[in-house]
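Trainee: Can we go through this one together? I have a few short questions.

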Amino acid sequence: MLTGTLPSNFSYLTNLNLFTVEYNSISGSIPPSFSQLEALVLFSILQNKITGIIPPQLFGVTNLQDIDLSHNSISSSIPTEIVQLSKLVSISLHDNHITGTIPTEICALSELFHIHIGHNYITGSIPIELGLLIKLRYV
């Protein structure tokens, strides 16, 4: 089982496509330097001990198609910068401490197939524009 924190020097791995460290005991926060992983397609830190916020810079990785931050202790809102991920197919944020509302910007992600945000502290209503995402199959 992996322990420790996510290393910030991973930003040097500019050709990295998949980053998955699921089901471990990694703690700390997501380093903003992960935004420099321009080739990254999958980012999964499912079921660890990650705290802090979702760094808005992460949404600058425009090739990302799948993000899974589920089962951690992340305590921020969903950044509006999510709109930058035009290739995003799946986002799983369930079982965290995420607050705020579902940003309407998420409705601009035309490739989105899967959104899992349950078991958080999200308030407000579901944006009506979500119904325009014709590829969406799971909310």
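Trainee: How much area does the chain expose, and what share do carbon and sulfur atoms supply?

Mentor: The chain exposes about 7000 Å², and carbon and sulfur atoms supply 55% of it. Accessible areas come from the Shrake-Rupley method with a 1.4 Å probe, and for residues only the protein chains shown count as cover. Keep in mind that this is a predicted model, where local features need pLDDT of at least 70, side-chain atom pairs count only at pLDDT 80 or more, and totals for chains, interfaces and linings use all residues. Residues are numbered from 1 along each chain as its sequence is written, and side-chain values use heavy atoms, with hydrogens and water left out.

Trainee: What percentage of the residues count as buried?

Mentor: Of the 139 residues, 42% count as buried, meaning under 20% relative accessible area with a 1.4 Å probe, protein chains only.

Trainee: Which residues have the most contacts inside the largest nonpolar core?

Mentor: They are L6, F43, I45, L69, I82, I106 and L112, in a core of 36 residues. Such a core is a set of buried Ala, Val, Leu, Ile, Met, Phe, Trp, Tyr and Cys residues joined through side-chain atoms within 4.5 Å.

Trainee: Take I82. What is I82 in contact with?

Mentor: Leaving aside neighbours within four places in sequence, I82 is in contact with F59, L88, I91, E105, I106 and L109. Contact means heavy atoms within 4.5 Å.

Trainee: New topic. How many helices and strands are there?

Mentor: The chain has 0 helices and 11 strands. These are DSSP runs numbered from the N terminus: helices are H or I with at least four residues, strands E with at least two.

Trainee: What is the order of the open sheet of 5 strands?

Mentor: The order is β2-β4-β6-β8-β10, with parallel pairing; two strands pair if DSSP finds at least two bridges between them. β2 (18-20) and β10 (114-116) stand at the edges with a single partner strand each, so one side of each is left without a neighbour in the sheet.

Trainee: How many bridges are there between β6 and β8?

Mentor: β6 (residues 66-68) and β8 (residues 90-92) pair in the parallel sense over 3 bridges. The bridge partner of I67 is I91 in β8.

Trainee: And which strands does β5 pair with?

Mentor: β5 (residues 49-52) runs parallel to β3 (residues 25-28), joined by 2 bridges, with S27 opposite K49. β5 also pairs with β7 (residues 73-74) in the parallel sense over 2 bridges, and there G52 stands opposite I74.

Methods. Buried means under 20% relative accessible area, exposed over 50%, partly exposed in between (1.4 Å probe, protein chains only).
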